[in-house]
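Here is a short report for someone meeting this structure for the first time. Take a look at the model, then read on.

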Amino acid sequence: MVLQKGLLCVLVCVLCFSGFICDVKGEERVVEGVVRIDGSRPIAVTDENFICATVEFWPPEKCDFGSCAWGNSSLLNLDLNNSVLFNAVKAFSPLRIRLGGILQDRLIYQTDRTEECKPFVYNTSQLFNYTLGCLSLDRWDELNSFFTRSRAIFTFGLNALNGKTVEEGNTSFGPANATLVAKGSWDYSNAESFIRYTVNKGYDVFAWALGNELGGIAIDLFVDADQYARDTIALCRLVREIYRAKIRAPQVMAPDDLLEPDWFQKYLEKSQGSLNIISQHIYNLGAGSDPDLINRILDPTVLDIAAIPLRILQNLLNETGTSAVGWIGESGGAYNNGRDGVTNTFVLSFWYLDILGMAATYDTKVFCRQTLVGGYYGLLDTATFLPNPDYFSALLWHRLMGKHVLRTRFEGSSKIRAYAHCAKNPVKQQYCCD
């Protein structure tokens, strides 16, 4: 360990993957190793509130592979009066929450209480298999009351498809080459009314985000990077106009996509000056339906896959000279709801703590876990809101790990990982990370 001066107060997160220290028969297999920490200077700086969790719009009817994992976890039906949920969020004081997901791009906002406001309805003939849904003003008031009382910091994802026409098409991006392409400019009239209502009520939004998984690696629907940048510029101008009399305007965040380097580079270059946060999604464990998922969680070579998009985005931010910072806007390890009995159990903590440490070393400012509640990868149980094991991992990280990231390596085995940060609230402040 290299010290520059005074007291260096660091916290080290060490992960040892199953089967390395001792086997199931109790026979000890000890291997010596060394943790090396360079305390001379930080290699990255996260946001003070690095830990974040998502809340989606999926209705109870959302089912995959014969299992319905979402219950009443939607922003539209979540029980905001439940004391277990409230205390779980307030324990962070503050917890960052990202509000959004796939159905944010099928959501309209009530602008007058006399307007009819219908929920999402499952319909396979509709985009993303759901009809348009509506967020009522009363529900928006209830959500903001909950966030204020629980001291949450929230980001809201806006519908980026309003005004666009969806056509049959093809794109070179994406594993399946999305067959639907959205064309035309974003119609922000509904969003503008919603944002103005939010400002008039005095609600504190940290960031307005635009769209979810519509660019980058296209899965269902694709928006060209040039058009997405123009839409982002429109959102930035809208936010500046509406908040012009306020001391602080919310951040602008996009695109919340799986990273495709060429698309992201073009988007960054075209949206210069309008974007504060560029957000990507990571699901490096593969599908939740994979019966081999536990072994993938405990395989260091699988966990290392996450470093690829993290490194690429960090390089793109440096090369383009943008002032935007990188976030993980969504990551639950295994996509398609996770896997019951795996992603809601202790074993996923090997993935979660490792990717938290890894993301921080690549200067990621915030990491949003999919989900706070909902699916099989929630920090909280969908039915009871009781904490799953990763909730405690998140809470400990939030309370103990500071924002200054130190260069750390473990010498001895690839199955042991070590990450070190300066302590969040050290007793003394005489150390190099100040």
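## Naming the elements

Helices and strands here are DSSP runs, numbered from the N terminus. A helix needs at least four residues of type H or I, and a strand needs at least two of type E. The model is predicted.

With those names, Pro94 can be placed in the loop between α1 and β5. The peptide bond that leads into Pro94 from Ser93 is cis. Its omega is near 15 degrees.

## The barrel

Strands come before helices in this tour. Strands of a sheet pair through backbone hydrogen bonds, either parallel or antiparallel. Eight strands of this model close into a barrel. Their order is β4-β5-β8-β11-β13-β14-β16-β18, and the pairing is parallel. On average, neighbouring strands of this sheet are turned by 25 degrees against each other, direction ignored.

Take one pair from the barrel. Strand β16 covers residues 325-331, and strand β18 covers residues 366-369. Three bridges join them in the parallel sense. Trp327 has Val366 in β18 as its bridge partner. Helix α9, residues 348-361, lies across β16 and β18, and also across β4 (51-55). Helix α9 runs at about 160 degrees to β18.

## A second sheet

Another sheet is open. Three strands form it, in the order β9-β10-β12, with mixed pairing. β9 (165-168) and β12 (221-222) stand at the edges. Each has a single partner strand, so one side of each is left without a neighbour in the sheet.

Which way do β9 and β10 run relative to each other, parallel or antiparallel? They run antiparallel, and four bridges join them. Strand β10 holds residues 180-183. In β10, Val181 is the bridge partner of Glu167.

## Two helices in contact

Two packed helices are described by the angle between their axes and the distance between the axes. Helix α1 holds residues 83-90, and helix α2 holds residues 137-150. Their axes come within 9 Å and cross at roughly 50 degrees. That makes α1 oblique to α2.

From α1, the contact uses Leu85, Phe86, Val89 and Lys90. From α2, it uses Phe146, Arg149 and Ser150. By class, the residues of this contact divide into four nonpolar, one polar and two charged.

## Cavities

Rolling a probe the size of a water molecule over the atoms shows where empty space is left. How many cavities of 30 Å³ or more does a search of the whole structure find? It finds two.

The largest cavity has a volume of about 50 Å³. Its lining includes Leu85 and Phe146, which also take part in the contact of α1 with α2. Val55, Leu75, Leu78, Leu80, Ile97, Leu99, Leu143, Phe147 and Leu372 line this cavity too. Helix α2 gives the largest share of the lining, three residues. β5 (96-99) and α2 each supply at least two. By class, the lining has eleven nonpolar residues, no polar ones and no charged ones.

The second largest cavity holds about 30 Å³ of space. Residues that line it include Thr343, Asn344, Thr345, Leu348 and Arg369. Gly378, Asn388, Pro389 and Asp390 also belong to this lining. Here the classes are two nonpolar, five polar and two charged.

## The largest pocket

Pockets are open, unlike the cavities above. The largest pocket contains about 660 Å³ of space. Its lining has 27 residues. Which of them lie nearest its centre? They are Trp58, Lys62, Ile102, Asp220 and Asn336.

The lining of this pocket mixes classes. It divides into 14 nonpolar, six polar and seven charged residues.

## Unusual backbone geometry

Most residues other than glycine have a negative phi, and most peptide bonds are trans. The bond from Ser93 to Pro94, described above, is cis. The peptide bond from Ala254 to Pro255 is also cis, with omega near -5 degrees. Pro255 is found in strand β13, residues 251-258, and β13 is part of the barrel.

What is the phi of Phe65? It is near 55 degrees, a positive value in a residue other than glycine. Phe65 sits in the loop between β4 and α1.

Conventions
Residues are numbered from 1 along each chain as its sequence is written. This is a predicted model: local features need pLDDT of at least 70, side-chain atom pairs count only at pLDDT 80 or more; totals for chains, interfaces and linings use all residues. Side-chain values use heavy atoms; hydrogens and water are left out. Two strands pair if DSSP finds at least two bridges between them. On a 1 Å grid over the protein atoms alone, a cavity is a set of points where a 1.4 Å probe fits but cannot get out, and a pocket is an open set with protein on both sides within 12 Å along at least five of seven lines; lining residues have an atom within 4 Å of a point. Grid points are joined across faces, edges and corners, and a volume is the space filled by probe spheres set on the points. Ala, Val, Leu, Ile, Met, Phe, Trp, Tyr, Cys and Pro count as nonpolar, Asp, Glu, Lys and Arg as charged, and the others, Gly among them, as polar. Axes are lines fitted to C-alpha atoms, for helices over the stretch in contact, and angles run from 0 to 180 degrees between N-to-C directions. Angles under 35 degrees count as roughly parallel, over 145 as roughly antiparallel, 65 to 115 as roughly perpendicular and the rest as oblique. Contact means heavy atoms within 4.5 Å.
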